[in-house]
Structure formats: C-alpha cells, structure tokens
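Let's take a walk through this model together. Have the sequence and the coordinates open, and follow along from a loop to the helices and then to the partner chain.

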Amino acid sequence: MTKNLTTLTIAETHAGLKKKEFSSVELTKAYLDRIKTLDKKLNSYVTVTPEVALEQAKEADKKGFASPLSGIPMALKDIVCTAGIRTTACSKILENFVPPYNAHVYDRLLKAGAVLLGKSNTDQFAMGSSSETSCFGVTKNPWDLTRVSGGSSGGPAASVAADLAAFSIGTDTGGSIRQPASLCSCVGLKVTYGRVPRQGVIAYASSLDSIGPFGKTVEDVALVLNAIAGKSERDSTTPDAPVPDYSKSLKKDLKGMTVGIPKEYFEQGVDKETDKAVRDGIEVMRKLGAKVVEVSLPLTKYAIPTYYLIVKSEASTNMARYDGIKYGLTAKDAKELAEIYVKTRSEGFGDEVKRAIMIGTYTLSAGYIDAFYLKAAKVRTLMKKEYEEAFEKCDVLVAPTSPFTAFKIGEKMDDPLAMYAADTLTVPAGIVGLPGLSIPAGFDKKGLPIGMQIMANQFHEEKALHVGYAFEQATEWHKMKPDLN
Amino acid sequence: MKLSHDEVRKIAKLARLGLTDAEVAKFSVQLSDILSHAKMLEEVNTDNVEPASQITGLKSVIFKDKVVVCDHSEKLLEQTPQQVQDNLIKVKNVF
C-alpha cells in the first residue's frame with residue numbers, strides 16, 4: 001500500500017483521501033520514506049522538511065479535503081521563499097539564508113492545503129539548463145543517472161518524475177520548467193508572464209520570470225494552476241485577467257482546434273528521433289480532430305542572443321543586491337566597504353552567475369547599451385508581433401521542447417554557448433511572455449524521454465492544457481515511470 | 001569581437017567582482033564568444049522599432065497613500081551578518 005500511494009496522481013490521491021482509503025499523514029510518510037531511500041541517487045532535494053510536512057498533513061486530515069490540493073505533498077524550487085525554512089537559491093551566497101516571509105505562491109498553496117515535503121535543487125539563481133551549477137551538486141536524471149535532469153528546475157522535475165513528490169513548483173524564464181520536464185518525462189507548465197505572482201521568488205530576469213507547476217499528468221497541472229493563478233496585491237505585474245477553472249478545459253477531442261507547426265523550430269538542430277516523435281504526436285492530434293497548419297516564425301534563429309542579452313542584463317541588476325550587508329554570506333576579514341562587496345560576491349557566486357553579471361554589466365554600459373541591450377529589446381518587440389500574427393492562424397503552436405534528450409553530466413560545462421543553445425526552442429515563450437506546456441511524447445533509442453511543447457497566446461493556458469490533455473489521453477507516454485532500483 | 005583582459009578587469013570592477021588572473025583569462029574567452037555570437041542581431045532591421053521593456057501591456061498600479069502597520073523591521077534586521085546599532089545596520093568605513 002505504501003508503495004502504491006506515491007505513484008498516484010493528484011486527482012487519484014484526492015479521491016482516495018476523500019474516501020478515507022488513506023490519510024494525508026500516511027501519504028506524506030510514504031513520500032518521505034521514498035525520498036529517504038531514493039533521493040541519494042538523484043539529489044533532487046536540498047532541504048527535506050519532515051516535521052513541517054507531517055504537521056501540515058495532520059492539519060489537512062483534521063480540516064477535510066475541500067480543495068483538490070488538500071493534504072497533497074509537494075516540493076518547491078529552492079528560490080521560492082518559505083518563512084523559517086532555509087532558501088538558498090543553490091548558491092553559497094544564500095547557503096544559510098532563512099527568509100522571514102513566504103512567497104505569495106507558497107501562501108496560496110498553503111491556503112489550498114498542500115503539504116511541503118522540502119525545497120528542490122536548481123541551477124544557482126535559476127541560471128542554467130542542467131542543474132549542474134547548483135552549489136549542492138547536479139540533480140541526476142531518473143532515467144539515466146549519468147545524465148542531467150535539465151535545468152534550471154532539475155530538482156522539481158526529477159522529484160515528480162520519480163514519484164518523490166505529487167507535484168512541484170518551478171520557475172521558467174527561458175525554459176527552466178519545460179526543458180527539465182521534457183528531459184525527465186513529466187508535465188511542466190510555463191505560464192503567461194504575470195499569471196502567477198512572483199513576490200517572494202528570488203528574481204533572475206524580472207521581465208521574463210514566471211512561476212509554474214510540474215505534475216504527473218496534465219490534469220494535475222491544471223489543478224495546481226487553479227490554486228496559484230490570479231492577480232496579487234503583492235505583485236503589480238499580475239493583471240486583473242480572469243482565472244477560469246482550468247480543469248474544465250480538458251477535453252479528449254480536438255475538433256475545432258487549429259494546431260500550428262512553427263517551421264523554423266524544426267530547423268534548429270533538433271535530433272532525428274525527437275523530430276519524429278513530435279511529428280508523430282502532431283499526427284495523433286490530427287486524428288483527434290485538430291486542423292494542422294504550417295506557420296513561419298523567421299526570427300526564431302535570433303531568439304537565443306535576444307534572450308541572453310536581455311536576461312543577463314536584467315540579472316546583473318538583480319544580482320546587485322547580494323552585497324554581504326543586508327542578508328546572506330559576508331566576507332570575513334574585509335576592512336572596507338568595497339572589500340566586503342568584492343570578496344562576498346567573489347566567494348559567494350558560481351561561474352555562471354559571474355558570467356551573467358559581467359555580460360549584463362557590459363551590455364548595459366554607456367557606449368554598448370544601444371548595440372546590445374536596446375537592440376535585443378527591439379528584436380523582442382518584433383518577435384512579439386510575429387507570434388501575434390501566428391496566433392491569428394492557429395490556436396496553439398506545437399514543437400519539440402528540447403532539441404535533444406538528456407545530455408551527459410559535464411558534457412556542456414566548459415562551453416557556455418552550447419549550454420545556452422539547449423534552450424533554443426524554449427526561450428521564445430520567455431521573450432514573448434507566452435504560456436507553454438511540455439508533455440511526455442516518447443523515448444529515444446537510449447530510453448531517454450522526449451518532450452513536446454504546446455504554446456498558446458498570452459493568458460490562453462486553457463488552450464495548451466486542452467491540446468495537451470487530449471494528446472495525453474490518446475497515448476501511454478505519461479504512464480511510463482523510471483526504474484530506480 | 002575580443003574582450004581584452006583589461007576590459008574584463010574593468011567590467012569585473014564595475015560589477016564588484018574580484019577575479020584571479022586565471023579567471024580573467026577564462027572569462028575573457030567565454031565572454032568574447034558570447035558577445036560575438038550576439039552580433040548576429042545586426043542582421044535584423046529594427047529601424048523605427050520601439051525597444052520592449054515589458055511584454056504584457058502592463059500599466060502602472062497606484063496604491064492609496066495611506067499609512068499601514070509594517071512590523072517587519074525586527075525580522076529584517078535579524079538577517080544582517082553585520083552589526084546592528086540604533087535599529088540600523090552598521091557598515092564598515094567607505095574609505
């Protein structure tokens with residue numbers, strides 16, 4: 001019985017809790033036991049919170065299960081502030097930082113009755129595509145422990161894929177939810193910019209960052225989205241856009257939906273098996289009643305430089321707050337103020353964070369700002385226009401999530417540009433603020449997961465969820481689980 | 001384009017980062033590669049295009065100019081690794 005509880009989806013778990021087949025405490029203990037036994041192989045958790053989890057589970061058992069997330073155990077990416085619980089951004093500079101307040105997304109999940117199992121591993125300050133830059137080491141891919149789980153939300157993705165959490169929360173700036181979901185075989189949703197409040201989530205690039213769920217199924221992701229989406233008085237970038245019941249948009253057929261295939265996405269070095277799996281997936285959608293059209297997005301090849309010029313510029317500004325004065329690490333033996341700044345930041349930040357800060361400092365400096373940052377910001381305007389025109393011809397865009405399946409640990413660490421290229425297909429949704437859902441779409445000959453990405457126009461998560469759900473229900477990919485024994 | 005070691009040291013100083021000579025050498029190659037790759041954006045015609053600073057049509061949000069109780073100060077001051085004096089964080093000499 002204990003073994004089975006952790007394999008259940010949120011929807012199945014909720015039904016079982018309501019019928020009193022098991023309690024939230026039993027369920028939480030099952031997940032905690034599984035984490036204790038298996039997470040040493042994966043390294044997906046930075047901090048496990050058993051006392052907090054069991055206390056929250058007891059409360060849920062007392063209160064009853066009014067919400068679909070009542071008593072459901074989850075993990076939060078370690079850049080989501082949790083009052084009284086260490087939140088490190090997986091960086092030495094915040095290694096012992098204990099926030100004095102909760103992120104709004106955590107408060108919303110607590111209100112819905114969710115149970116916190118712990119904080120998940122991530123690339124340092126969410127900057128990366130493999131979780132290798134975490135100061136706590138890489139999170140290994142549950143399907144092949146010699147390979148990466150993707151990034152930056154490698155921990156949240158791997159834990160859901162390996163049944164070490166019923167769902168998790170990650171962030172996506174240029175692919176950091178979708179790419180690990182694709183590499184680990186679970187469902188990951190990047191929301192529209194501003195759909196979910198960012199207050200209390202450690203910032204990377206403030207005009208792109210988004211918070212979103214990982215789940216075992218599309219339905220599970222819709223249930224979590226219901227609990228966390230909506231305008232927040234703590235985040236003025238969350239507009240008053242209505243929040244529909246996302247679980248009501250999950251239909252099994254695609255009659256009336258038009259799927260657009262963005263031609264240029266398939267020309268960005270996508271490997272053969274990934275290309276085939278996604279094209280086969282589009283055929284499944286056609287059989288479910290979708291109309292399929294080809295669309296052209298010529299600016300696609302400029303997405304990566306556009307992306308990194310903008311995000312590294314914004315990151316350099318956001319990283320300026322880590323100065324050894326207000327919180328976090330401070331350098332010992334510094335005699336003057338300037339020395340505190342320099343020593344703290346040099347000791348506390350990893351290489352990719354330093355690179356990001358330096359790129360941003362350069363591209364925002366007088367003499368270079370026009371050629372780099374402002375140029376990229378203008379291309380961003382043009383990309384937005386390109387996607388608006390594309391969505392006049394289709395409801396969703398379907399493409400691979402990642403050009404390739406999980407790469408070996410260490411393979412790209414010496415080549416930052418090669419690492420940035422892992423996000424070729426996911427950065428456009430970040431630049432243009434679009435929602436994008438990654439769902440399992442197959443496996444390659446090595447047994448590594450292939451993910452398919454479904455993008456919709458801003459504030460149309462329901463279309464991506466609808467198409468994803470129909471595809472999922474017509475296929476068996478989402479039922480496959482990695483063997484960790 | 002190639003960033004010289006001196007340029008990298010200058011950027012590091014502006015960013016309040018201290019780099020070893022080995023790091024300066026390594027980063028100058030990596031940063032040069034990254035910035036060279038970005039030059040491909042010159043192929044895109046952006047004449048008369050406004051730079052985007054935000055992408056979802058946000059408008060300024062106004063709050064009422066009303067005093068509310070904010071009891072955070074103690075919790076926030078507990079965070080500092082520096083000394084606290086008179087409810088203020090005491091920092092080292094500027095020079």
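**From a loop in chain A to the contact with chain B**

A good place to begin is A:Pro298, which sits in the loop between β10 (291-295) and α10 (303-318) of chain A. Helices here are DSSP runs of H or I with at least four residues, strands are runs of E with at least two, and both are numbered from the N terminus. Before going further, note that this is a predicted model, in which local features need pLDDT of at least 70 and side-chain atom pairs count only at pLDDT 80 or more, while totals for chains, interfaces and linings use all residues. Residues are numbered from 1 along each chain as its sequence is written, and chains are lettered from A and ligands numbered from 1 in the order in which they are written.

Is A:Pro298 buried or exposed? With 11 other C-beta atoms within 10 Å, A:Pro298 is exposed; the cut-offs are 12 or fewer for exposed, 20 or more for buried, and partly exposed in between, with C-beta atoms placed from the backbone. From A:Pro298 to A:Cys81 the C-alpha atoms are 39 Å apart in space, and the two residues are 217 apart in sequence.

Now step into α10(A). Of its 16 residues, 15 are buried, so α10(A) is largely enclosed by the rest of the structure. The end C-alpha atoms of α10(A) are 22 Å apart, in agreement with the 22 Å expected at 1.5 Å a residue; that expected span is 1.5 Å times one less than the number of residues.

A partner of α10(A) is helix α12 (residues 351-363) of chain A: their axes come within 7 Å and cross at roughly 100°. Axes are lines fitted to C-alpha atoms, for helices over the stretch in contact, and angles run from 0 to 180 degrees between N-to-C directions. The crossing makes α10(A) roughly perpendicular to α12(A), a label for angles of 65 to 115 degrees (under 35 is roughly parallel, over 145 roughly antiparallel, the rest oblique). Residues meeting there include A:Leu309 and A:Lys312 in α10(A) and A:Ala356 and A:Ile357 in α12(A).

Like its partner, α12(A) deserves a look at its surroundings. In α12(A), 11 of the 13 residues are buried, among them A:Glu352, A:Arg355 and A:Tyr362. The cover over these buried residues includes α10, α13 (370-390) and α14 (416-421) of chain A, together with α1 and α2 of chain B.

That brings us to chain B, which has 3 helices and 2 strands in the order α-α-α-β-β. Its radius of gyration, taken over C-alpha atoms, is 23 Å, well over the 12 Å that the globule rule (2.2 Å times the number of residues to the power 0.38) gives for 95 residues, so chain B is more spread out than a compact globule. The C-alpha trace of chain B spans about 55 × 45 × 20 Å along its principal axes, and 17% of its residues count as buried.

How many residues does each chain bring to the contact between them? Chain B gives 40 and chain A gives 50, where contact means C-beta atoms, placed from the backbone, within 7 Å. On the side of chain B, α2(B) gives the most, with 7 residues.

Technical notes:
Two residues are in contact if their C-beta atoms, placed from the backbone, lie within 7 Å.
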